[in-house]
Amino acid sequence: MKRILFTTVSLGVLGLLSPALGADLPTYSKAPSIAAPVYDWNGFYFGGFGGGGYGNHNVNNALGNTGFAPFTANYTSVGGVAGGEAGYNWQSGSYMVGIEGDMYWSGIKGNDANQIAAGAFPIAAVDADSLRWGGSVRARVGYTIDRWMFFFTGGYAFGDIDHTNTLAGFPVDKFTVHANGLTGGGGIAYALTNNVIGKFEYRYTNFNGYNHPLPTNGVLPYTTETTYSVVTLGLDFKFGGPVVAKY
């Protein structure tokens, strides 16, 4: 009887003490989530690029399209480009705005000899264009997803184009067009490291036409008009702007 009474009392005491003992035990809660690192595009950068381009050229002499003789030729040019660039990005949330300038060497060249050989152009003088160098000053706008950036760019373009008109038995008529115009395009950039950015870009450039009123080889006065499409790959080095935390 005493053992039963002792057991009953012991269980009752333990029941009374369990809330107090529970209050002394440490409590556990869910660990806070770890901040996800997000790339920061802010800052100054510079770098280099290379690629290839395609030119489209129109030459029109003073007679224009007369009867069955279209005194207008259209021809293409191809070649490589290589150069450097520098710019600055401002980022707000997922959006980016910036400014960029570039200069490049060009080997894009071509002529209309094939049209003359095919009899499509009734004048025997061969026109040729060679883009020697170019550059631009542009605005950029983009949308970022961590280390990825998708952007559009556009602005003012300039450069030198050598144009030659060759007619057998006469001196070569050669001059340099100090071209200027508008350029625009877009591309994709990816931050390979915190400071090194890879980039793919396409740009279209429309240069002003040039009127040549007094050719030195006796051919009729003519005008030239030129556009270029260029695709490049590049690497940029960015200063500042470490990876930041985003919760």
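A residue is called buried here when its relative accessible area is under 20%, exposed when that value is over 50%, and partly exposed in between. With this in mind, the following report describes a predicted model, beginning with its charged interior pairs.

**Salt bridges**

The structure holds eleven salt bridges. In one of them the side chains of Arg138 and Asp102 meet, with 2.9 Å from N to O. This pair links distant parts of the chain, since Arg138 belongs to strand 5 (residues 126–145) and Asp102 to strand 4, and the two residues are 36 places apart. Both partners, Arg138 and Asp102, are buried.

Asp102 also meets the side chain of Arg203 in a salt bridge, at 3.3 Å from N to O. Because Asp102 lies in strand 4 and Arg203 in strand 8 (residues 196–212), this pair ties together parts of the chain that are 101 residues apart in sequence. Here, too, both Asp102 and Arg203 are buried.

A further salt bridge joins Glu201 and Lys199. The table sets out the three pairs described in this section.

| Salt bridge | N to O distance |
|---|---|
| Arg138 and Asp102 | 2.9 Å |
| Asp102 and Arg203 | 3.3 Å |
| Glu201 and Lys199 | 3.5 Å |

These residues take part in a network of salt bridges that links Glu85, Glu100, Asp102, Arg138, Arg140, Lys199, Glu201, Arg203 and Asp236.

**Lys199 and its surroundings**

Lys199 is found in strand 8, and its relative accessibility of 8% is under the 20% limit, so Lys199 counts as buried. Its partner Glu201 has a relative accessibility of 3% and therefore counts as buried as well. The side chains of Lys199 and Glu201 also make a polar contact, at 3.5 Å. Leaving aside neighbours within four places in sequence, Lys199 is in contact with a mixed group of residues, including the charged Glu85, Glu100, Arg140 and Asp236, and also Phe151, Ile188, Ala189 and Leu233.

**Nonpolar cores**

The largest nonpolar core has 22 residues, and those with the most contacts inside it are Val59, Ile108, Leu131, Ile161, Phe207 and Tyr228. Two or more residues of this core come from each of strand 2 (43–66), strand 3 (69–92), strand 4 (95–111), strand 6 (148–166), strand 7 (173–191) and strand 9 (222–238). A second core, separate from this one, consists of eight residues, among them Phe151, Ala189, Ala191 and Ile197.

Leu131 offers a view into the larger of these groupings, the largest nonpolar core. When residues up to four places away in sequence are not counted, Leu131 touches Tyr104, Ser106, Gly107, Ile108, Asp160, Ile161, Phe207 and Tyr228.

**The surface and one loop residue**

On the surface, a nonpolar patch is formed by Phe44, Phe46, Tyr88, Trp90, Val97, Ile99, Val137, Val141, Phe152, Phe237 and Phe239, which together have about 1,000 Å² of accessible area. Strand 2, strand 3, strand 4 and strand 5 each supply at least two residues of this patch. One of its members, Ile99, has its place in strand 4, and its relative accessibility of 44% is the reason why Ile99 counts as partly exposed.

The last residue to be considered is Asp146, which is placed in the loop between strand 5 and strand 6. With a relative accessibility of 35%, Asp146 counts as partly exposed. Most residues other than glycine have a negative phi. Asp146, however, has a positive phi of about 55° although it is not a glycine.

Definitions and conventions. Residues numbered from 1 in each chain as written. Predicted model: local features only at pLDDT ≥ 70, side-chain atom pairs only at ≥ 80, totals over all residues. Heavy atoms only, no water. Core = buried A, V, L, I, M, F, W, Y, C linked by side-chain atoms within 4.5 Å. Buried < 20%, exposed > 50% of the residue type's maximum accessible area, 1.4 Å probe, protein only. Helix = DSSP H or I, 4+ residues; strand = E, 2+ residues; numbered from the N terminus. Contact = heavy atoms within 4.5 Å. Salt bridge = Lys/Arg side-chain N within 4 Å of Asp/Glu carboxyl O. Patch = residues over 30% accessible without salt bridge, like charges linked within 9 Å, V, L, I, M, F, W, Y side chains within 5 Å. Areas by Shrake-Rupley, 256 points an atom, 1.4 Å probe, with all protein chains shown as cover. Polar contact = N/O pair within 3.5 Å; in protein donor to acceptor, adjacent residues only side chain to side chain.
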